[in-house]
Amino acid sequence: MSTIESLPTGHAHDHHDASYLTPKGGFWTTIIDWATTVDHKKIGVMYLVAILVMFFLGGVAALAVRMELFAPTAFEAGGVIKNQVLTGDGLAGGYQNYNRVMTLHGLIMVFLVIVPSVPASLGNFLLPLMIGAKDVAFPRLNLASWYIYLFGSMFAILAVLLGGVDTGWTFYTPYSTTTDAEYWRVVWMVLGAFILGFSSIFTGLNFVVTVHKLRAPGMGWFDMPLFVWGIYGAAVIQVLATPVVGITLLLMIFERLFRVGVFDPALGGDPVLFQHFFWFYSHPVVYVMILPGMAIMSELIAVFSRKKIFGYRAVAFSSLAIAGISFIVWGHHLFTSQGPVGAAVFSALTFLVAIPSAVKVFNWIATLYKGSIDLKTPMLYALSFLFLFSIGGLTGIYLGALSVDLQLHDTYFIVAHFHYVMMGGTIIAFVGGIHMWWPKMFGRMYNEFWARIGWAFVFVGFNVTFFPQFIMGSQGMPRRYADYVDEFTIYHVISTVGSWLLLVGFLIHLFVFLHSLVAGKKAPPNPWGALTLEWTHTGPTPIEHNFHHEPVVTHGPYDYDDVPPPQTRPGEFPMPDPLPEGAERH
Amino acid sequence: MTSPVLAQQWLQDQLLTEPGSTGAATTDGLFMFITWISIVSFVLLMGAMTWFVIRYRRAGGRAPIRSASHNTPLELTWSIGPLLILVVVFFWGFHGYVEKMSAPAGSEEIVIRGFKWGWDVTYDSGKQPSELAYPGVGAPDQNMVPVIKVPAGRPVRLRLYSSDVIHSFFIPDFRVKRDVMPNRYTSFWFETLEDNPEPEVIPILDETGAPVIDPDTQQPMTKLQYPRHVVYCAEYCGDSHSQMMAFIEPVPEEVFQEEKYMVTVFPTKWEFGEYIWQRQCSTCHSVDGSGGTGPTWKDIWGKTHKFSNAPDTVVDENYIRESIIYPQVKLREGYGSDMNSFVLTEEEFEGIIAYIKYLSGEEPE
């Protein structure tokens with residue numbers, strides 16, 4: 001694809017040439033301009049800021065959890081409690097506070113960070129640019145989704161300020177419908193998650209319509225960058241699955257407030273019904289979280305090895321396959337609570353969904369073959385993804401196998417597995433993606449040296465934190481434990497030290513980004529030599545309406561062998577010798 | 001032994017505890033099979049990645065080299081190959097699952113009730129385990145958990161239910177857990193590997209953890225104990241989820257029969273009450289005045305209590321009985337509504353009332 005920027009530009013560009021970041025006037029005018037903007041780029045940037053703030057809050061909760069588990073609680077003569085970091089009224093009060101912080105970490109990271117992370121920030125910013133559109137299909141709905149995100153977050157924060165909730169992020173009934181029965185905070189938290197669902201649906205709906213209707217002339221489905229395919233797959237799931245969790249959460253609120261018996265057996269309900277409803281959403285949503293990470297991966301690997309993605313169609317179709325199969329595997333979260341027929345069916349289907357994910361990894365690694373590989377920070381993150389996601393994927397085989405899952409279910413093995421997939425997959429790809437598109441978003445380069453140092457801390461810290469959790473999990477350490485027997489101490493100590501390395505790594509990244517905003521070098525229009533449409537602008541950042549003229553797409557997104565990247569000096573990104581006349585291109 | 005066998009054993013010892021049941025041994029075979037598949041796949045993938053990154057790095061602005069952008073036979077191979085391995089894993093896993101779930105006829109049945117926060121165990125005789133032990137988590141004087149003796153080398157079926165929220169009965173050494181539901185029974189079974197376990201000589205410890213010395217011989221006192229397997233609650237259930245433990249102790253048949261029909265005689269009503277407290281109440285209610293999820297029982301008899309949802313009430317027999325059956329009717333100020341209804345026998349109510357009186361100095365020693 002990429003462009004011929006249409007016809008010669010004879011007319012005056014004047015204000016059309018201004019970067020989308022150019023302030024519209026004084027301080028307040030600019031604030032109002034941003035607050036009322038329908039520009040997908042600004043909304044993407046606002047989402048990015050909000051999500052990073054939430055990531056910080058969720059990270060603080062994670063550090064607190066790790067601090068508590070640094071050593072098991074001990075007792076001295078006279079009832080003195082030692083080593084309890086999150087203290088409370090007596091031993092049980094401390095345990096309760098741990099449960100609240102643990103729940104907070106899960107809720108923030110899932111609902112406020114990972115689900116919206118890539119689609120709402122980078123997706124919003126890039127999707128229209130990559131398909132050559134002026135904006136998303138419904139710009140006002142897009143802004144509404146950001147405000148709904150804030151509105152939902154406020155309910156979640158209100159619940160925390162009122163004392164927090166101890167339901168676990170999965171809200172399993174009947175615990176969640178009976179705990180803290182005399183308080184409203186669980187209702188506020190659930191309501192927050194319900195409202196956030198709408199933000200998610202709006203974003204998904206917008207992206208589905210945008211991809212269907214607004215692709216530039218010449219861009220067929222198989223000319224789209226794989227980023228768009230991944231985001232599209234995730235958007236389809238968001239639209240179809242989120243309403244289910246919305247209704248489920250609403251039923252839960254009814255049960256808490258009006259004692260309508262749906263899930264609580266004391267009122268005539270069935271608690272396993274909640275688990276089916278919940279995972280009917282929350283399993284597909286795992287793929288809402290990972291598909292956008294995979295979407296970023298395809299771009300990073302292609303650009304930094306200057307290669308066409310190996311087996312483009314297989315990668316594109318695997319996104320759709322994952323989106324489809326993800327709806328029929330939810331039962332594998334219920335192996336210990338459902339009957340044998342369900343367990344057998346869901347186990348078989350679960351192994352089926354493993355294949356398209358594996359195919360993607362094979363294709364990315366094959367893409368590196370005979371490439372020209374540049375280990376810039378985004379590429380380091382892409383390679384880390386391959387490393388971590390492979391571990392996350394392979395450990396999924398243990399959990400799909402029924403007899404082994406009876407042992408590993410609800411242990412730290414699960415905790416490690418989903419952190420390797422969700423954080424080692426989505427968050428790692430997200431951070432890599434932020435580095436790659438940082439110059440396009442803010443017009444400035446980041447400091448490559450310090451970003452690589454930050455990456456090293458994150459990569460090492462991640463493995464130190466989470467790898468020991470596999471071992472203690474397979475040895476039997478259950479998850480969501482505020483306290484544990486002494487045998488597991490060594491693994492918890494290592495894991496907690498790892499969390500400090502992660503903290504250092506992310507702080508370095510934060511400072512690198514702040515430094516870049518204040519004093520970073522001005523970015524060239526296409527620093528990585530990429531071929532996708534967002535790099536065709538003459539300036540470092542896109543103009544307000546993205547393109548002067550509707551771009552016309554004439555080549556594929558990854559034709560690095562034959563097309564010189566736009567806005568780069570000749571020879572800056574060398575290409576292989578041209579094919580001899582009449583030879584066929586692969 | 002050959003070195004691959006040794007390597008396998010070494011790896012298994014790092015990752016898993018000693019298997020304790022026949023089902024565990026089968027599961028471990030699959031666990032190790034998947035482990036080897038994972039190691040080989042991971043090394044191949046990362047090896048290829050590393051080699052490509054080194055071999056094709058962009059040194060001196062080198063251009064990429066033309067190569068095929070897809071290869072259908074290759075892609076089909078790496079899609080179908082793993083699928084074949086996964087089919088094997090599926091059948092192996094399902095076989096092991098059925099093996100652990102379907103109890104053979106004639107299994108010894110033990111009924112276990114989960115509650116916030118403990119396990120209430122009943123043998124087929126209607127008797128409860130005679131022994132409690134401190135699992136190493138929670139306050140030593142408050143978290144004494146049941147030691148469930150089971151006949152070694154004979155099938156045992158556990159039938160599980162909950163009287164409040166969902167719990168999960170997890171025995172890591174047996175590689176099995178099952179969710180414990182408030183609205184239905186669930187079950188699984190096991191048979192321990194050793195049918196003739198050797199007892200260990202264990203020093204008897206006092207409340208501070210120091211060995212008890214026999215006053216006659218001046219030697220530390222000991223008892224015989226068979227190797228135990230720890231039990232955890234694996235489904236999150238609230239404040240004291242992490243101290244909701246138990247032990248399973250496989251013992252020879254004659255020891256089990258003795259345990260199963262053992263009758264504990266209590267000289268006084270309050271001592272029976274203390275026995276009930278240790279089994280069902282002690283995680284939340286202290287008897288020494290210290291705080292907890294629920295209020296202490298120390299020195300409350302005859303006192304007037306304040307409630308967040310009811311008028312002031314004097315602690316008497318009626319109040320105690322009501323608080324056990326309908327705990328939500330009167331909530332003590334400063335405490336939540338965590339407690340669920342407990343169904344006790346008349347004898348047990350009498351015991352608790354006597355024990356609370358005793359704790360206020362109202363009942364004769």
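Helices and strands here are DSSP runs, numbered from the N terminus: helices are H or I and span at least four residues, strands are E and span at least two. The model you're working with is predicted.

**Exercise 1.** Find where B:W117 sits in chain B, and work out which residue is joined to B:W117 by a cis peptide bond.

*Solution.* Start with the strands: β1 covers 108–115 and β2 covers 118–122 in chain B. B:W117 is in the loop between them. Now look at the backbone: B:K116 and B:W117 are joined by a cis peptide bond, with omega about 0°. That's worth a second look, since most peptide bonds are trans.

**Exercise 2.** Which residue is joined to A:P174 by a cis peptide bond, and which helices flank the loop with A:P174?

*Solution.* The partner is A:T173, and omega is about -5°. For the location, take α4 (139–161) and α5 (175–178) of chain A: A:P174 lies in the loop between those two.

**Exercise 3.** Take A:R259 and say where it is, then decide: buried or exposed?

*Solution.* First, the place: A:R259 is in the loop of chain A between α7 (226–258) and α8 (271–305). Next, the backbone: phi is positive, about 55°, although A:R259 isn't a glycine. Last, count neighbours: A:R259 has 11 other C-beta atoms within 10 Å. The cut-off for exposed is 12 or fewer, so A:R259 is exposed.

**Exercise 4.** Do the same for A:R306: buried or exposed?

*Solution.* A:R306 is in the loop between α8 and α9 (312–325) of chain A. Its phi is positive too, about 50°, and A:R306 is not a glycine. The count is 29 other C-beta atoms within 10 Å. Buried takes 20 or more, so A:R306 is buried.

Terms used:
Residues numbered from 1 in each chain as written. Chains lettered and ligands numbered in written order. Predicted model: local features only at pLDDT ≥ 70, side-chain atom pairs only at ≥ 80, totals over all residues.
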